[in-house]
Amino acid sequence: MRDVARAAGTPTFVYSATSIRDAYRDYDFAFGELPHTICYAVKANSTLAVLRLLVELGAGFDIVSGGELYRVLQAGADPARVVFSGVGKRAHEIEYALLSGIHSFNCESESELGVLDEIAGRLGVRARFALRINPDVDASTHPYISTGLTEHKFGIGIQHAEGVYVRSRHYRNISAEGISCHIGSQMLDPAPMVEAAEKVLHLAAHLIGQGHDLRHLDLGGGLGIAYHPGDAAPDKKQFLDSLRDRLAASGLAILIEPGRSIVGQAGMLLTEVLYRKSNGAKQFVIVDAAMNDLIRPALYQSHHEILPVDRSDEISIVDVVGPVCESGDFFARGRAVAGARVGDYMALAAAGAYGFVQSSNYNSRPRAAEVLVDGDRWRVVRERESYADLVRGETM
Ligand SMILES: *Cc1c(COP(=O)(O)O)cnc(C)c1O
């Protein structure tokens with residue numbers, strides 16, 4: 001990390017290729033003999049080098065925009081392994097996805113089905129869809145990343161789903177291919193995911209009995225990672241074991257859309273201590289990374305371990321804050337951190353998911369560089385933005 005910081009500067013996101021491969025293979029192993037496709041949720045980390053690694057592993061992809069489709073195609077993904085989720089797909093995005101030949105659309109409303117049918121008809125193609133079911137299950141996670149209750153904007157209420165499948169048969173250019181759900185993110189206890197899957201399996205069996213030709217069941221994403229040292233990430237094999245018999249009995253191909261649990265632990269945000277100061281009793285460590293680089297603490301009150309790079313002694317209780325002009329720009333409050341002298345490097349752990357992708361140019365700060373480490377080699381996979389990048393596309 002010190003070598004990377006010296007050569008590439010800070011703040012920089014650093015990803016481990018080995019960690020990403022291991023997490024992907026854990027899922028693959030956990031599925032075992034079940035027919036399955038692991039559709040990595042691109043929104044967790046959409047950097048081309050990360051997508052390329054997953055293409056090489058044979059992953060499918062779960063996209064939520066035309067931009068994400070463009071990225072996975074750039075990375076060499078097979079469009080036939082891409083599913084398109086999201087509550088507000090625009091016509092030009094649907095058209096792009098149909099022309100690219102993606103596998104299917106996870107549709108979230110009846111009006112979306114109408115638009116999909118109209119566009120598929122105009123292009124002379126058939127569109128496959130799965131309805132995203134809102135199973136009314138509480139994911140018991142942060143309210144901003146909980147999506148499976150009827151009060152949320154996501155999916156089609158489970159009690160309305162059959163009617164939508166029935167009416168979808170009147171459309172001539174779309175066909176029901178599957179059924180899907182996604183109830184939230186960062187679940188340390190997979191029980192709500194199991195409960196949602198059971199409800200959707202039950203519905204799928206009923207629909208198949210009614211003559212709907214469903215081929216796949218999409219379990220969504222959502223398994224959490226350990227941000228706190230005391231947390232235990234759910235075991236992927238145990239999660240699938242608890243559903244294995246019912247999944248196998250359904251006769252359906254199984255899709256899963258993990259994002260965070262593939263890339264989260266693989267990334268760190270490397271930063272340098274700029275200043276130290278105290279205001280009365282409080283001690284501050286001011287670092288060169290900020291909320292524009294990693295917004296998770298400000299947005300979700302999330303915890304990231306702060307690891308010393310240069311020295312592990314000299315522990316002090318401090319607030320670790322960034323340079324942005326907001327009191328919400330902090331990474332830790334009242335935390336014991338080691339090795340935080342001016343000029344030291346520190347690493348914010350578990351920053352591989354929902355990190356760089358949510359970064360911005362707030363305070364006209366160029367976005368960070370990204371580095372991929374593979375074995376004993378590393379390379380910059382995204383250059384740090386320049387000042388010229390900041391004003392690109394603007395006119396006076
Ligand atoms: C965000 C999202 C995912 C990925 O969730 P993780 O918690 O990162 O695994 C999967 N599917 C859909 C539809 C999503 O919106």
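Salt bridges between domain 1 and domain 2: the rule finds 0 across their interface. The rule asks for a side-chain nitrogen of Lys or Arg within 4 Å of a carboxyl oxygen of Asp or Glu.

This is a predicted model; local features need pLDDT of at least 70, side-chain atom pairs count only at pLDDT 80 or more, and totals for chains, interfaces and linings use all residues. Residues are numbered from 1 along each chain as its sequence is written, and side-chain values use heavy atoms, without hydrogens and water.

Now the domains. Domain 1 is 2-12 + 265-383, and domain 2 is 86-256; the bounds come from an automatic or database domain assignment. Their C-alpha centres lie 36 Å apart. In contact are 10 residues of domain 1 and 9 residues of domain 2, with contact meaning heavy atoms within 4.5 Å. Together the two domains bury about 860 Å², 58% of it on carbon and sulfur atoms. That is accessible area (1.4 Å probe) lost on putting the two parts together, summed over both. On the domain 1 side, Gln265, Tyr300 and His303 lose the most area to domain 2, together 52% of what that side buries.

Next, cysteines. How many disulfides does the structure hold? The count is 0, a disulfide being a pair of cysteine sulfur atoms within 2.5 Å. Why is Cys39 not bonded to Cys181? The closest cysteine sulfur to that of Cys39 is in Cys181, 14 Å away, and that is too far for a bond. Cys39 is buried at 2% relative accessibility. Cys181 is buried too, with a relative accessible area of 5%. Buried means under 20% relative accessible area (1.4 Å probe, protein chains only), exposed over 50%, partly exposed in between.
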